[in-house]
Amino acid sequence: AGAAQTMQLDVHQAAFVPGQDLLNLTAVLFDSLGQAVHGGAEPYVLQMLVCRSAAAECSLTQPNLQPALFLLYDDAALHTAEREAMVRVCELGAPSVQLHLSLSSRAPAASAAASVELQCLPCPAGHEMRTAVVRGVQTWTCERCEPNEYVLDADLGCQRCPAGAECNGASLVGEALVGGESRWEPDLGLGIYRLVGCPTGYGLVNGSESGGFDAEVQRCEACGAGAECVAAECRGPCRPCAPGSYKADVGLGACELCAVGTFNGLRGADSVEQCLPCQPASTTAQPGQASQDACLCDAEYYAMGAGAATECRECPAGAVCSGPDRSCALANGSMCGADRIEGTWSRRADGEWELQSCPQTREKVAGSHDLQECRACLRNQYIVDGRLGHRCFDCPAGALCDGARLVTRQELDATGQVEWEPDQEGRLWLRRCPTGYRLENAAYELQECQWCGVGMFVLRSDDPQVQCQRCPTGFTCLNGGPPPPAAGGGGGGRGAAGGPGAATS
């Protein structure tokens, strides 16, 4: 006891991960003769100190990197102390630490000490590096990440597992996703995984309520009602359904087009009821229309008004084309194919079409919007000038009509002595007949030039009150005209048409 002693210290590894690796230590005491010293009545005490590698002295009186560790070796019969111990920290910026151990006992009194340099290893996968100031020295250690965390860079620390992934404490091991695979890429600058792609039908969520990026909420989320993602890889949030479409439920499907005959001007429509029907008597050419402007009036109608106030009015009779589709010419520049419809049409302030005038040989039918047309007269009728608003009238008894013109019977117009006069409505009144013809116009339908007959005459053919008379004896009434006055006022005379030798009276 009390003789000089030495200790042989053996650390079975030359490098360690601070805070994680256990050191397997073997310490043996030797006396001055080089013989192993056996324990006595009391156990040995093994003291472990961790100091800076550059420290001149490593003792309890000097700043240590971690509290001193005292281990009891209670088998006094043995001369070898084997223990597992942990060095918890390394000095920041230094490659190694100094490990100092001393072994001592009181009975018999014996002690010895030894030191060794240990290399500091970086934190392994699944661990983060944590720093702290210990007794004025910057230190670091490794801490294992939690099972619901991962780590890309120990210096940047453990990261919470994103909502859309599964983690094992070291890395992402799967996706919290059914029906497809998401794609993640490491962001080494921040030490996190970024979600960069989701399967079709999923939106990429990576923001907080305030609108900023939040790594923990990253996930692929099935598109909700009114939204879709139809790309092979969705790299952003679900997009609202475009105008003209809708999506009623949460799911992976695409937005559906509004049916033919409906339209929808909203983005993000989530109900088929938001596809509004076109106004009556109209439809759309295709599904998926976004505006009422796409609602086209049916063939026999035309559009009046604009936007929500658009109304399809029935085409007036005179503007309906004669083709199989019976389309309304007013919806096509007043054209039926290459032909223009009859009449002059114009729009009123409210957008309704109105027939202004018709061609000369057509009658303007008005009064009701739907019945407007330029109508041809019947064969036994005539019209003076449709351009002036004249009507069709039945042919009087003394005339012939062809649906447009009126001619006097017996070709009397050739005499140049027949006169017909139209009234304001275009009805013709017989005002004058040829010589030898009595004027009859007391009633419109009975109007005619009545031939007085052979041996008869009429003094005036422009006055219906003047009747036919018998030609006086001895006179000749030329062409039914009045007899000539007698020569010298006497009373006799001859007429060429009556033949020579007519008697006088």
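**Reading the labels in this model**

Reader: Why is E425 called partly exposed rather than buried or exposed?

Author: In this predicted model, E425 has a relative accessibility of 36%. A residue counts as buried under 20% and as exposed over 50%, with partly exposed in between, so E425, at 36%, belongs to the partly exposed class.

Reader: What makes E425 and R427 a salt bridge?

Author: The closest N and O atoms of E425 and R427 are 3.4 Å apart. Since the limit for a salt bridge is 4 Å between a side-chain nitrogen of Lys or Arg and a carboxyl oxygen of Asp or Glu, the pair of E425 and R427 satisfies the rule and is counted as a salt bridge.

Reader: How many salt bridges does this rule give?

Author: The count by this rule comes to 21 salt bridges. One of the pairs that fit the rule is R183 with E233, whose side chains meet at 2.8 Å from N to O. R183 is part of strand β16 (residues 183-187) while E233 is part of strand β21 (residues 233-234), so this pair ties together parts that are 50 residues apart in sequence.

Reader: Which exposure class do R183 and E233 fall into, and why?

Author: R183 has a relative accessibility of 32%, and E233 has one of 23%. Partly exposed covers the range between 20% and 50%, and therefore R183 is partly exposed, as is E233.

Reader: What makes R313 and E352 a salt bridge, and which parts does the pair tie together?

Author: The closest N and O atoms of R313 and E352 are 2.3 Å apart, which is within the 4 Å that the rule allows. R313 lies in strand β30, whereas E352 lies in the loop between β33 (344-347) and β34 (353-357), so the pair ties together parts that are 39 residues apart in sequence. R313 and E352 are both buried, and they also belong to a network of salt bridges that links E311, R313, R348, D350 and E352.

Reader: Why does D325 qualify for a surface patch, and which residues form that patch?

Author: A patch takes residues with over 30% relative accessible area and no salt bridge. D325 has a relative accessible area of 45%, so on the area criterion D325 passes. The patch is a negative one, formed by D298, E300, E314 and D325. D325 itself lies in the loop between β30 (311-314) and β31 (335-336).

Reader: What is notable about the phi angles of R326 and S334, and where do these residues lie?

Author: Phi is near 45 degrees in R326, a positive value in a residue other than glycine. In S334, again a residue other than glycine, phi is positive too, near 65 degrees. R326 is placed in the loop between β30 and β31, and S334 is found in that loop as well. Their burial classes can be set side by side: R326 is partly exposed because its relative accessibility is 40%, whereas S334 is buried because its relative accessibility is 11%, under the 20% limit.

Reader: Why is G337 called exposed?

Author: G337 reaches a relative accessibility of 64%, and since exposed means over 50%, the label follows. G337 sits in the loop between β31 and β32 (339-340), and its C-alpha atom is separated by 10.0 Å from that of S327, which is 10 residues away along the chain.

Reader: Why is C401 called buried, and what does C401 touch?

Author: The relative accessible area of C401 is 16%, and because the limit for buried is under 20%, C401 is classed as buried. C401 lies in strand β39 (residues 399-401). Not counting residues up to four places away in sequence, C401 touches R379, N380, Q381, Y382, C395 and L406. With Y382, 19 residues apart along the chain, the separation of the C-alpha atoms is 5.7 Å.

Reader: What makes N64 a buried residue, although N64 is found in a loop?

Author: N64 is in the loop between β4 (44-52) and β5 (66-73), but the label depends on area, and a relative accessible area of 6% is under 20%, so N64 counts as buried. Leaving aside neighbours within four places in sequence, the contacts of N64 include L49, V50, C51, V134 and R135.

Methods
Residues are numbered from 1 along each chain as its sequence is written. This is a predicted model: local features need pLDDT of at least 70, side-chain atom pairs count only at pLDDT 80 or more; totals for chains, interfaces and linings use all residues. Side-chain values use heavy atoms; hydrogens and water are left out. Patches are made of residues with over 30% relative accessible area and no salt bridge: like charges are joined within 9 Å, nonpolar side chains (Val, Leu, Ile, Met, Phe, Trp, Tyr) within 5 Å. Accessible areas come from the Shrake-Rupley method with a 1.4 Å probe; for residues, only the protein chains shown count as cover. Lys and Arg count as positive and Asp and Glu as negative; His and the chain ends are not counted. The place of a charge is taken as NZ of Lys, CZ of Arg, CG of Asp or CD of Glu. Helices (H or I, at least four residues) and strands (E, at least two) are DSSP runs, numbered from the N terminus. Buried means under 20% relative accessible area, exposed over 50%, partly exposed in between (1.4 Å probe, protein chains only). Contact means heavy atoms within 4.5 Å.
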